[in-house]
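Welcome, and please bring the model up in your viewer. Could you walk me through its pockets, saying what to select at each stop?

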Amino acid sequence: MMDWKKLLTPQRLGKNEPEDIQHGRTPFLRDYDRLVFSSPFRRLKDKTQVFSLSTNDYIRTRLIHSLEVSCVGRSLGRIVGNEIIKRHKLDEYGFSASDFGEIVSAACLAHDIGNPPFGHSGEDAIRTAFQSWHATVQQTEENFFDESQKTDFELFEGNAQGFRILTKLEMPPQRGGMQLTCPTLAAFTKYPRESLVSESIFNGYKGRSIKKYGFFQAEKDLFTEVAETVGLIRRHEQVAWWARHPLAFLVEAADDICYSIIDVEDGHRMGYISFEQTKDLLNEIACVDIQQADESNEEKVKRMRAKAINKLIEKTVEIFLDHELAILSGEFDKDLLSLSQYDNHLKNISQKTRATVFENRDVVGIQVAGYEVLGKLFTEFGNSILSSDKKSKLVYLMLPKEYHPKAEEDIYTKILRITDYISGMTDSYATSLFQQLSGISLGAS
C-alpha cells in the first residue's frame, strides 16, 4: 500500500535533503515556476495541438493547451487533496490541499513538454524514420543497439522525451536536470515502465498505465530513484515497471477533459463542426439553457464548454475518492472518467471529432507534412554521425554544438542527441530546416 506521506515528500531529484514544506512558496509551487521559465515550455507556443500554425489566433497551441490542462489539474488536485487531508489527518504532518493542487498543476503543465513538432504524428514520424534508417545502416554496419535501446526508438514516446528533458537535458550538468520534486516527476509519468516489456511479464495485464512507456533506457536509473523516493509499488522485479503515482490519474483526467471538450470548441471555431453539432456534443454534459440567452453562438459554446469541464471535474473527483484505497494498493489502473456516466458520450465526442476534425483534409495534410519533414531531418542527421562523405560532413556542421556526439558515447546515446534536437524543434523551425536541407530555401533557420 502506498503512503500519502511518502507520496508527497518534498524531496528533489538530485538533491540530498528535502526542502521544508512549511515555506509559503512550497517546493511544488517552485516546480511550477521552474517549468514556466524553461525554454522547452516556451517552445510549446509554436507546436501543433491539432491545427498547426493556424491563422486563427483563437485556436489553441500546445502551450495554451498545457496551461488549460494545468488549471483543470490544479482544481482536481485541490478538491481531492481537501478530502484526503481530512481522511488521513495529513495536516498534522504539514501537508495541505494546495500541495495536491500544486503537484498536479505542475505535472500537467509539463505533460506535453517532450512532444516533437507536428503533434502526435510527429512521434510516429520519428518512429518510422528510425526504423527506415536503422534497416538501411544495418546492411553495412554492425548491430548498434541492444533490444531495449532499439525499442526506445521504434516506439519513440513524447512522454519519455519529456521525462528526459525534465531530469537531464534542462539545466545540465547538475544531476536531476531541473531537479523537480519527486512527487511532481512521478505524477508527470503516466506510464511508469520502460519500453521493452515482454507479453509473458505483462501476463495478460490490461491496465491503462501500460498503454505507452514513460522513460528511455538512458533515464531508467533516474525514474527508479523517483519511484523509490515516493514509494511506488514495483509490479515486477525483472523489468522497470511500477504502479502509477495516485496523482498521475488526475493528470491524465485533466488532459482527457481538456482535449475532449476543447477539440469540439476549436473544431467549431475552425468551421469543421456546425453550431448544432457542437451544441449536441457539449450540452449532453453541460446541460445549460441556451435557448433564451441573448448571446452569439461563440459565447454559447464558451458557456457550454465551461460548464461541461466543471461537471467532468466534479465527476472525476468523486470517482477518485471512491477508489482511493484501490489506487493506493496499485489494484486500480483505469481511466477515471471511463467509470462515469459520461463515458459513452465522451467516446462519441472522440469519434465525431476524429471524423470531422482529425480526418479533415487540412489537418491530415499537416500530419503528412510532419512525416516528410521529421523523416528527412532524422535521416540526414542520423547519417551525419555515421558517414564520412562530404554531404554528411556538411550536414553535421548544421547540428548545433550542444547536440554534437562525444567520441566516447555509444551509438544509442548519439542517436538520442539527434532525437533531442528534433523533438525540441518548433513546427516552424523544423519546417525551415527541412527546406534548407532539401534545397528549397537558402535562408538561415
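Here is a short tour of two pockets in this predicted model.

**Stop one: the largest pocket**

Start by selecting His-120, Tyr-259, Asp-263, Arg-354 and Phe-358, and centre the view on them. Of the 41 residues lining the largest pocket, these five lie nearest its centre. The space around you here amounts to about 1100 Å³.

Next, colour the helices that build the wall. Helix H4 (62-88), helix H6 (119-137), helix H12 (246-269), helix H16 (343-358) and helix H17 (361-384) each supply at least two residues of this lining. Which helix gives the most to the lining of the largest pocket? Pick out H16, the top contributor with 8 residues.

Now switch to colouring by residue class. The lining of the largest pocket shows 17 charged, 14 polar and 10 nonpolar residues.

**Stop two: the second largest pocket**

Move on to the second largest pocket, whose volume is about 410 Å³. To find its middle, select Arg-164, Lys-168, Leu-169, Tyr-403 and Asp-420, the closest to the centre among the 18 residues that line this pocket.

Then show helix H8 (158-169) and helix H19 (411-423), the elements that give two or more residues to the lining here. Linger on H8, since the largest share of this lining, 5 residues, comes from that helix.

Finish with the class colours again: 8 charged, 7 nonpolar and 3 polar residues make up the lining of the second largest pocket.

Terms used: Residues numbered from 1 in each chain as written. Predicted model: local features only at pLDDT ≥ 70, side-chain atom pairs only at ≥ 80, totals over all residues. Heavy atoms only, no water. 1 Å grid on protein atoms, 1.4 Å probe; cavity = no way out; pocket = protein on both sides within 12 Å on 5 of 7 lines; lining within 4 Å. Points joined across faces, edges and corners; volume = space filled by probe spheres on them. Helix = DSSP H or I, 4+ residues; strand = E, 2+ residues; numbered from the N terminus. Nonpolar A, V, L, I, M, F, W, Y, C, P; charged D, E, K, R; others polar.
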